[in-house]
Amino acid sequence: MSSFENGSPLRVLVVGCGNMGASHAFAYHSLDGFEICGIVSTGKSKEVLNEKLGGGYALFSDYETALKETKPDAVCISTYPDTHEDFAVKALEHGAHVFIEKPLADTVAGAKRVVEAAKTAGKKVVVGYILRVHPSWERFVAEAQNLGKPLVMRMNLNQQSHGYMWGVHRNLMKSLSPIVDCGVHYIDVMCQMTRSKPLRVNAIGARLTEDIPAGNYNYGQLQIWFEDGSVGWYEAGWGPMISETAFFVKDVIGPKGSVSIVAKDAGGSGKSSSVEAHTKTESIRVHHADLNDQDEFVKEDSWINLEDEPDHQELCNREQRYFLKAVREDLDLTDHLQDAVTSLQIAFACDESVKTGRTVDLV
């Protein structure tokens, strides 16, 4: 029996110190039940993070060395997606539980390999689907499920990135397109809303700059058909040329009405590349389709105001509390991991559709 099962903290090796890695490190630093045993990055970001956390943590440039020297109970992986599969499998083989930022891997086969490695090791893998711990997104999904079937789901997150964020996006596009990297969140939300089998996808994309790898694209839009008749689309664009007009659309329509996230502040000018703004909901508008004998609406739209919603750091804290609970209470994460593989499978089918110009069947 390892020490944390006796009530001692879960010793976590933090790998990757960008936006998400730093936020997760702050969660481990401040929450009971965790202890950081080391911080890993190839560049200077580990020193910067260590200083922000008050210093004193063991720092490593090499992941495997860190694994061997710290012998962690858990590893938090917030590196670029092309390292996810390898880092996760190595952590599991070293007997560590894994918290991993989405996507689970940069291929579907890689994601399945991580799931198998978790089963073999008897360890937990939690994927960072941050919207799943967001109370207002949980409410958004629940309200959508009250609209009847089929559903029409409309979502986007376009980011007019420049400076530091354009650097982040360029690096991400070395391995993934925006509709895969961001899209897995919203595809996952659509799957939760319908709980129906996705049948086929269609997608379009455009390469709007020479500043990204050949063969990739920085604007994409995907469409999904579900077995119950529901349809959904998602759009994502990254870069200095992207429009900030209507960058934030989160809207679901069903036979009984519609429900929309209305982010007045987050949807304002200059906010599209702000990580803090991406999860902001502020309020949910519920529209009722009922008509009287004059074909006029019976009910006025209702508003669910969500001014006390958690900020980005608190959402990361909630993810880590769930991770700790999964480990300590031996939660069954079969559905959690299957959903992560399914959303990635759909996203990569969309990528294939962009590149071939054809509809891709999922069945």
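The following legends describe close-up views of a predicted model.

**View 1. Two domains make up the division of the chain.** Domain 1 spans residues 10-127, and domain 2 is assembled from two segments, 132-309 and 343-361. Taken over C-alpha atoms, the centres of domain 1 and domain 2 are separated by 28 Å. The UniProt record, an unreviewed entry, carries the annotation "domain: Gfo/Idh/MocA-like oxidoreductase N-terminal" for residues 10-129. In the model, this span is 43% helix and 23% strand, and its end C-alpha atoms lie 21 Å apart. A further feature of the unreviewed UniProt entry, "domain: GFO/IDH/MocA-like oxidoreductase", is placed at residues 143-239. Residues 143-239 are 29% helix and 31% strand, with 33 Å between the end C-alpha atoms.

**View 2. Domain 1 and domain 2 share a buried interface of about 1100 Å².** Carbon and sulfur atoms account for 68% of this buried area. Asn19, Tyr80 and Lys102 together supply 46% of the area that domain 1 buries against domain 2, more than any other three residues. In terms of contacts, 12 residues of domain 1 meet 15 residues of domain 2.

**View 3. Lys102 and Asp181 form a salt bridge.** The closest N and O atoms of Lys102 and Asp181 are 3.2 Å apart. Between domain 1 and domain 2, the count is 1 salt bridge. The count of residue pairs in polar contact between domain 1 and domain 2 is 2, with both residues at pLDDT 80 or more. Helix 5 (residues 108-121) provides 3 residues, the largest share of the side of domain 1 that touches domain 2. By class, that side of domain 1 has 6 nonpolar, 2 polar and 4 charged residues.

**View 4. Cis peptide bonds precede Pro103 and Pro150.** Omega is about -5 degrees for the bond joining Lys102 and Pro103. Pro103 is located in the loop between strand 5 (97-101) and helix 5. For the bond from Lys149 to Pro150, omega is near 0 degrees. Pro150 occupies the loop between helix 6 (135-144) and strand 7 (152-157). Most peptide bonds are trans.

**View 5. Arg195 adopts a positive phi.** The phi value of this residue, which is not a glycine, is near 45 degrees. Arg195 is found in the loop that runs between helix 9 (183-194) and strand 8 (198-206). Most residues other than glycine have a negative phi.

**View 6. A salt bridge joins the side chains of Glu64 and Lys90.** The N to O distance in this pair is 3.5 Å. Glu64 belongs to helix 3 (residues 63-70) and Lys90 to helix 4 (residues 84-93), so that the pair links distant parts of the chain, 26 residues apart. The structure as a whole holds 20 salt bridges. Side chains of opposite charge can pair when their charged atoms come close.

Key:
Residues numbered from 1 in each chain as written. Predicted model: local features only at pLDDT ≥ 70, side-chain atom pairs only at ≥ 80, totals over all residues. Heavy atoms only, no water. UniProt positions renumbered as here; feature names shortened; annotations may be inferred. Helix = DSSP H or I, 4+ residues; strand = E, 2+ residues; numbered from the N terminus. Domains from an automatic or database assignment. Contact = heavy atoms within 4.5 Å. Buried area = accessible area lost by both parts, 1.4 Å probe. Salt bridge = Lys/Arg side-chain N within 4 Å of Asp/Glu carboxyl O. Polar contact = N/O pair within 3.5 Å; in protein donor to acceptor, adjacent residues only side chain to side chain. Nonpolar A, V, L, I, M, F, W, Y, C, P; charged D, E, K, R; others polar.
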